[in-house]
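Please go through the protein–DNA surface in this entry, and then one residue away from the general overview. Short answers will do.

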2 protein chains.
Amino acid sequence: MLPSHTVENYLKAVFQAQTVLGPDELVPMGQLAAALGVVPGTATAMVKALAQSGLVRYEAYAGVRLTSAGEKLAALVLRRHRLIELFLVKVMGMSWTDVHDEAEHLEHAVSDRLIDRIDEMLGRPAVDPHGDPIPAPEGTVTVPAYDTLLTCPLHSPMVVKRVSDQETDFLRFAERHDLTPGQTVQVEERDTAADSVRLRGTGEREVTIGARAASKVLVEAVPRRPQS
Amino acid sequence: MLPSHTVENYLKAVFQAQTVLGPDELVPMGQLAAALGVVPGTATAMVKALAQSGLVRYEAYAGVRLTSAGEKLAALVLRRHRLIELFLVKVMGMSWTDVHDEAEHLEHAVSDRLIDRIDEMLGRPAVDPHGDPIPAPEGTVTVPAYDTLLTCPLHSPMVVKRVSDQETDFLRFAERHDLTPGQTVQVEERDTAADSVRLRGTGEREVTIGARAASKVLVEAVPRRPQS
DNA sequence: TACCAGATTTTGACAAATCAAAATATCAGA
DNA sequence: TCTGATATTTTGATTTGTCAAAATCTGGTA
Ligand SMILES: [Mn+2]
Ligand SMILES: [Mn+2]
Ligand SMILES: [Mn+2]
Ligand SMILES: [Mn+2]
């Protein structure tokens, strides 16, 4: 019995909530329900069924976490999602701002064989168009720990490595300000009171963005001596 | 309310049954149920619901036929299916023998925008890898009337235009004997008693195939003076 | 320690899609 | 016209996924 679309979506949501909360935390039902756009009671019912199938462990009033079986399945859904996103950008010429919604459906419909062709065609990539890491076929992921524009050093050139928001509007905003993976930026000033971050980007252009937005842009120091 | 996968599959099945039975025939429920792999009672229930939605007309004990609304939806599902099949062959390098099952799932998951990119990328093709005509975005299809290897003239070179069976095994058989769209064949002899057809294919190779198989290979006379 | 606000679970209902099996209709042949 | 074989419909259940709203729990605060 292969998992339904719904089951795949629940597992993926738990997986992603778990990676932000930390590996030992339980995901609260309210958060899970919100992520999936269902009413809390629905999530409770579904999670109980998933627990029956051995895909999650569930503690009433505490929350839910994936078992290793559930974790593997979830990682494979995420793998499909991210490979599809990259495929849509690289091969189909779609914009990175739009591919998420399309991938949200396709991730449940592609076969293992097709996903492997896609992977091969893309040269076994490590990250998707947003810089999100692509889980291996075995279901393992390594998530590099990056600074954000809110935590990185000032006056020091940084490369954008990842933009962690799937909303078309935010991605368009990021693109408009050259905050896409691969671009270089530098934080000029942080104003805690104003809740803002002033940036100098490619071509000396300056922008000031909110702290909220800044925290979604993950960066890494530009290596001192780039390989010739 | 966009139609569910199930509704799309029912409409497509009625559409296809209708094109083989003829435009004025009602599709019997038993046949529809068999095509969809459900028990007859299920088909009856579903068809009644489709009739409620105005997608089909249903006459108890007689059968079902698409309304023009249903026909348009069905044609669009078929359009997606066939464009996806061609895409999988041309762009993803899959075999024409395998793409049907993959397309059966993807046809319900691709957006209109993506399907249009695919159509564009393929150069607005008229037929899929099996020679099946691709419905227009408006939901219209023109089905050319071809001879089959069972009805075409003897000793006269014919081009294979279409192979009308989606089974991997049959398609592999056809491929083995150079009976793929674009190839040239010639019928040497028909033996009604033996229920067989003897063919001479590319490279003078001869094969004898059954009448059943022969009827699935649609052909057209090779034009007298091919365009230089 | 008692209470409350907020989160969570429970209960009861519903829609979609399906099957098994009983009931019924149709149609061809005697 | 009657009869049976076959096709179709009906009936009653089941599974999955969902919501609304009532009931219950939990973690702090007074
Ligand atoms: Mn999804
Ligand atoms: Mn992504
Ligand atoms: Mn289908
Ligand atoms: Mn085809």
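**Contacts with DNA strand C**

In this predicted model, 87% of the atoms of DNA strand C within 4 Å of the protein belong to sugar or phosphate, and the rest belong to bases.

Q: Which helix supplies the largest share of the surface near DNA strand C?
A: Helices of both chains each supply at least two residues: α2 (29–36) and α3 (40–52) of chain A, and α1 (5–21) and α3 (40–52) of chain B. The largest share is four residues, and the helix they come from is α3(A).

Q: Which residue has a polar backbone atom 2.9 Å from a phosphate oxygen of DNA strand C?
A: The side chain of B:Tyr10 has an N or O atom 3.2 Å from a phosphate oxygen of the strand. B:Tyr61 places a polar side-chain atom 3.3 Å from a sugar or linking oxygen. The backbone atom at 2.9 Å from a phosphate oxygen belongs to A:Tyr61.

Q: How many charged residues does the surface near DNA strand C have?
A: Among the 19 residues around the strand, those that come nearest include A:Lys48. Lys counts as charged. By class, the surface has 11 nonpolar and seven polar residues, and the number of charged residues is one.

Q: Is A:Glu8 buried or exposed?
A: A:Glu8 lies in helix α1 (residues 5–21) of chain A. Beyond four places in sequence, its contacts are A:Pro3, A:Val77, A:Arg80, A:Glu107 and A:His108. Its relative accessible area is 10%, and the cut-off for buried is under 20%. A:Glu8 is therefore buried.

Technical notes:
Residues are numbered from 1 along each chain as its sequence is written. Chains are lettered from A and ligands numbered from 1 in the order in which they are written. This is a predicted model: local features need pLDDT of at least 70, side-chain atom pairs count only at pLDDT 80 or more; totals for chains, interfaces and linings use all residues. Side-chain values use heavy atoms; hydrogens and water are left out. Buried means under 20% relative accessible area, exposed over 50%, partly exposed in between (1.4 Å probe, protein chains only). Contact means heavy atoms within 4.5 Å. A residue is near a molecule or strand if one of its heavy atoms lies within 4 Å of it. A polar contact is a pair of N or O atoms within 3.5 Å; within protein, one must be able to donate a hydrogen and the other to accept it, and residues adjacent in sequence count only if both atoms are side-chain atoms.
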